[in-house]
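User: Please go through this structure with me. I will ask about single residues, the cores, the ligand and the charged pairs.

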Amino acid sequence: MSCLFCRIIAGDVPSRKAYEDDTLVAFHDVNPQAPVHVLIVPRKHIATLNDLAPDDQPTVGAMVARAAALAKDLGIDARGYRTVFNCNREAGQSVFHIHLHLLGGRPMHWPPG
Ligand code: AMP
């Protein structure tokens, strides 16, 4: 299995888990860009947002809802937080298994770099 996030989901690569269920796994980013930086990842391997199938829509909805739930659990919901999907190289995607970044715990700037 060559995909890093598939290996994390399988437990072959260690991670600090924040949540898991039958559809999703969430774990803390190894190189955090904010005091809270969690990645929400579907168990199904989907390389990029461009590869979503119509029946993946409930999974993507669950990812967004889980980001909001984790923001609450981690105490950043009221202050504010950012959720980001990077798609392909120009956007900075480095792991080709879709993931939703949940970032918070510091002021965020706009536009992003
Ligand atoms: P992206 O650049 O949008 O594809 O995001 C990939 C993210 O995965 C980056 O923020 C990395 O720091 C993070 N990452 C890479 N390897 C690991 C790992 N082994 N455990 C947790 N996060 C990782």
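Analyst: Ile40 is found in strand 3, where helices (H or I, at least four residues) and strands (E, at least two) are DSSP runs numbered from the N terminus. This is a predicted model, in which local features need pLDDT of at least 70 and side-chain atom pairs count only at pLDDT 80 or more, while totals for chains, interfaces and linings use all residues. Residues are numbered from 1 along each chain as its sequence is written, and side-chain values use heavy atoms, with hydrogens and water left out.

User: Is Ile40 buried or exposed?

Analyst: Buried means under 20% relative accessible area, exposed over 50%, and partly exposed in between (1.4 Å probe, protein chains only). The relative accessibility of Ile40 is 0%. Ile40 therefore counts as buried.

User: Which residues is Ile40 in contact with, leaving aside its neighbours within four places in sequence?

Analyst: Contact means heavy atoms within 4.5 Å. By that rule the list for Ile40 is Leu24, Val25, Ala26, Met63, Arg66, Ala67, Leu70, Ile98, His99, Leu100 and Leu102.

User: Which element gives the most residues to the largest nonpolar core?

Analyst: A nonpolar core is a set of buried Ala, Val, Leu, Ile, Met, Phe, Trp, Tyr and Cys residues joined through side-chain atoms within 4.5 Å. The largest has 14 residues, of which Val38, Ile40, Met63, Leu70 and Leu102 touch the most other members. Two or more residues come from each of strand 2 (24–28), strand 3, helix 2 and strand 5 (100–104). The element that gives the most, with 4 residues, is helix 2.

User: How many residues are in the other core that lies apart from it?

Analyst: Its members include Cys6, Ile9, Val13 and Val95. The count for this other core is 11 residues.

User: What does Thr59 touch, not counting residues up to four places away in sequence?

Analyst: Thr59 lies in helix 2. It is buried, with a relative accessible area of 17%. Beyond those sequence neighbours, Thr59 touches Thr23, Leu24 and Pro42.

User: How much of the ligand's exposed area does the protein bury?

Analyst: An oxygen atom of the ligand is 2.5 Å from an N or O atom in the side chain of Asp29. Polar side-chain atoms of His99 and His101 lie 2.9 Å and 2.8 Å from an oxygen atom of the ligand, respectively. Taken alone, the ligand exposes 500 Å² (Shrake-Rupley method, 1.4 Å probe). The part of that buried by the protein is 82%.

User: How many residues apart in sequence are the parts that Glu20 and Arg43 tie together?

Analyst: The side chains of Glu20 and Arg43 meet in a salt bridge at 3.2 Å, N to O, a salt bridge being a side-chain nitrogen of Lys or Arg within 4 Å of a carboxyl oxygen of Asp or Glu. Glu20 is partly exposed at 45%, and Arg43 is partly exposed at 30%. Glu20 lies in strand 1 (residues 17–20) and Arg43 in the loop between strand 3 (36–42) and helix 2 (57–73), so the separation is 23 residues.

User: Which residue of the Lys44 and Asp56 salt bridge is buried?

Analyst: The side chains of this pair meet at 2.7 Å, N to O. Lys44 and Asp56 are 12 residues apart, each in the loop between strand 3 and helix 2. Lys44 is partly exposed, with a relative accessible area of 43%. At 4% relative accessibility, the buried residue is Asp56.

Notes. A polar contact is a pair of N or O atoms within 3.5 Å; within protein, one must be able to donate a hydrogen and the other to accept it, and residues adjacent in sequence count only if both atoms are side-chain atoms.
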